[in-house]
Amino acid sequence: MNHAVAVTGLGVVAPHGDEPGALFNALLQGRSAIQPVFPELPKPAAAATVAFDETRWFTKLQLAGVDRVSQLAVAAADLAMRDAGLVNSDAGVAAGHADPERIGVFSGCGMGGAAALEAAYRGNGRVSPLTIPAFMPNAPAAHVAMRQGVQGPVLTYSVACASSSAAIAEAAKAVQRGEVDIAIAGGSEALIVPGVVVAWQAMQTLATFQPGEAAGAVRPFAADRSGFALGEGAAFLILESAERARARGARSYATLAGWGLSSDATHLTKPDAPGQARALRAALRQAGLQPRDVGYCNAHGTATRIGDVVERNALADVWGDDFGALRVSSTKALHGHMLGAAGAIEALITVLALHHRQLPPNAHCADIDPACAMNLVAPGDTAAPALEAAISNSFAFGGTNSVLLFRQPG
């Protein structure tokens, strides 16, 4: 039996804060969290960082060997479980709500504990014996499992920018098939360290900006776009069957009705429109919807010269004559590109767009590139009173494409 998959909890630790409503309002208002970082670097750099108080979640003793990427994951997952009503008081576990063996963690992480590696490289020969367990890409999922007492599947997906979107898709499959009762699904990334920023600058994919203009440096689909800014954060969704959610009287934000995964199989870093289109069609097919039924797309939209055009062409190919009715925006302009966590935070934003029937604008796009012509959400024109379904796109280096399709709860 295939179960409908309900989203019953949302948790986020992001540059705009750790409350989903505050994050969504900031996006609606077009408030950018991108700011200059590391003035000591040879080239100007900007990123969206999290003001995170780890003492809310960890004692000093608990923090030993726990990289920032895992700290953010533990916090966001705990907030999601609490939002879903699945944590008893301050016990920190889902005791009494499900068999621990029937709870799973499905987490995405692109590059693991960057702070631990940076400290090791810059330690003048002194390397912590906990560097490896702090750096492991599966450490965030493991720490979430330990904090929540999860004894079911605890899995990490590492497919660059599609990591946490793929993790959510795989979690949905497990819920749909009845393999788990509760899935803690999302991801985390914390890469804002000098070594990683310099490496991305070397790829020439990061946005350039003049002094004082970092906040508006990322301009998805704009004629003058120059790339993205890195972001950090974590986001988790709680997934469970719609039947189970109803039985326990839980709020359902949305139904995860479809997902599509595909591979370009063409190039490691250059995106491919036909590959992206395959993922889009797969998500629509699974949800039993036509393109015209989907009113909003939270685009991957990295503001790179090639990537934005390819994504636009994939959407136009799949939507065909209905493309003009699809409203599109990329929120990376405001919260940065969180790489392995991007799919999770953008899925959370897409769920909130459905829940509130409001759409975050495509910020900083004064002049649309003619090659990216489409129905971008304009600032101040965010109402979507008839919105019934929305998608979130994640298209990664390595050629992995992941699309999540959410509907209004049944």
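**View 1. Strands β10 and β11 sit side by side in a predicted model.** Here β10 pairs with strand β11, which covers residues 327-329, and the two run in the parallel sense over three bridges. Want a spot to look for? Find C297, whose bridge partner in β11 is V328. A quick reminder: strands of a sheet pair through backbone hydrogen bonds, either parallel or antiparallel.

**View 2. The sheet that holds β10 and β11 has 11 strands.** Walk across this open sheet and you meet the strands in the order β5-β4-β6-β8-β1-β9-β14-β13-β10-β11-β12, with mixed pairing. Which strands are at the edges? They are β5 (154-157) and β12 (375-376), and each pairs on one side only.

**View 3. Strand β1 is flanked by β8 and β9.** On one side, β1 pairs with strand β8 (residues 233-241) in the antiparallel sense, over eight bridges. To check this pairing by eye, start at V5, which has S241 as its bridge partner in β8. β1 also pairs with strand β9 (residues 254-263), again antiparallel, over two bridges. For this pairing, look at V7, which stands opposite A254 in β9. Is β1, residues 5-13, mostly covered or mostly open? Mostly covered: nine of its nine residues are buried. Helix α2 (residues 68-83) lies across β1, β6 (182-189) and β8. The helix runs at about 135° to β1.

**View 4. Helix α5 packs over several strands of the 11-strand sheet.** This helix spans residues 139-148 and lies across β4 (103-108), β5, β6 and β8. Compared with β5, the helix runs at about 155°. Seven of the 10 residues of α5 are buried, so the helix counts as mostly covered. The buried ones are A139, P140, A141, H143, V144, A145 and Q148. What do these buried residues pack against? Their partners are α2, β4, α4 (131-135), β5, β6 and β8. Keep going just past the end of α5 and you reach G149, which takes a positive phi of about 70°.

**View 5. H16 is tucked into the loop between β1 and α1 (20-28).** Why does H16 count as buried? Its relative accessible area is 15%, and the cut-off for buried is under 20%. A polar atom of the H16 side chain lies 2.7 Å from the backbone oxygen of R31. Leaving aside neighbours within four places in sequence, H16 is in contact with L23, A26, L27, R31, S32, A33, L334 and H335.

**View 6. A separate close-up shows an open sheet of three strands.** The order in this sheet is β2-β3-β7, and the pairing is mixed. The edge strands are β2 (34-37) and β7 (230-231), each pairing on one side only. Strand β3 (residues 45-48) runs parallel to β7, and two bridges join them. If you want to spot the match, A48 stands opposite G231 in β7.

**View 7. V37 is a buried residue of strand β2.** Its relative accessible area is 13%, which means V37 falls under the 20% cut-off for buried. Which residues does V37 touch, once neighbours within four places in sequence are left aside? The contacts are A45, A46, A47 and T49. Now look for V197: V37 and V197 are 160 residues apart in sequence, yet their C-alpha atoms are 9.4 Å apart in space.

**View 8. D293 sits in the loop between α9 (273-287) and β10 (296-298).** D293 has a relative accessibility of 33%, so the residue counts as partly exposed. Its side chain reaches the backbone nitrogen of Q290 at 2.7 Å. For a sense of scale, pick out D224 as well: D293 and D224 are 69 residues apart along the chain, and their C-alpha atoms are separated by 32 Å.

**View 9. The largest pocket has a volume of about 480 Å³.** How many residues line this pocket? There are 30, and the closest to the pocket's centre are T269, P271, T304, G307 and F397. Helix α10 (residues 305-319) gives the largest share of the lining, with five residues.

Technical notes. Residues are numbered from 1 along each chain as its sequence is written. This is a predicted model: local features need pLDDT of at least 70, side-chain atom pairs count only at pLDDT 80 or more; totals for chains, interfaces and linings use all residues. Side-chain values use heavy atoms; hydrogens and water are left out. Two strands pair if DSSP finds at least two bridges between them. Helices (H or I, at least four residues) and strands (E, at least two) are DSSP runs, numbered from the N terminus. Buried means under 20% relative accessible area, exposed over 50%, partly exposed in between (1.4 Å probe, protein chains only). A polar contact is a pair of N or O atoms within 3.5 Å; within protein, one must be able to donate a hydrogen and the other to accept it, and residues adjacent in sequence count only if both atoms are side-chain atoms. Contact means heavy atoms within 4.5 Å. Axes are lines fitted to C-alpha atoms, for helices over the stretch in contact, and angles run from 0 to 180 degrees between N-to-C directions. On a 1 Å grid over the protein atoms alone, a cavity is a set of points where a 1.4 Å probe fits but cannot get out, and a pocket is an open set with protein on both sides within 12 Å along at least five of seven lines; lining residues have an atom within 4 Å of a point. Grid points are joined across faces, edges and corners, and a volume is the space filled by probe spheres set on the points.
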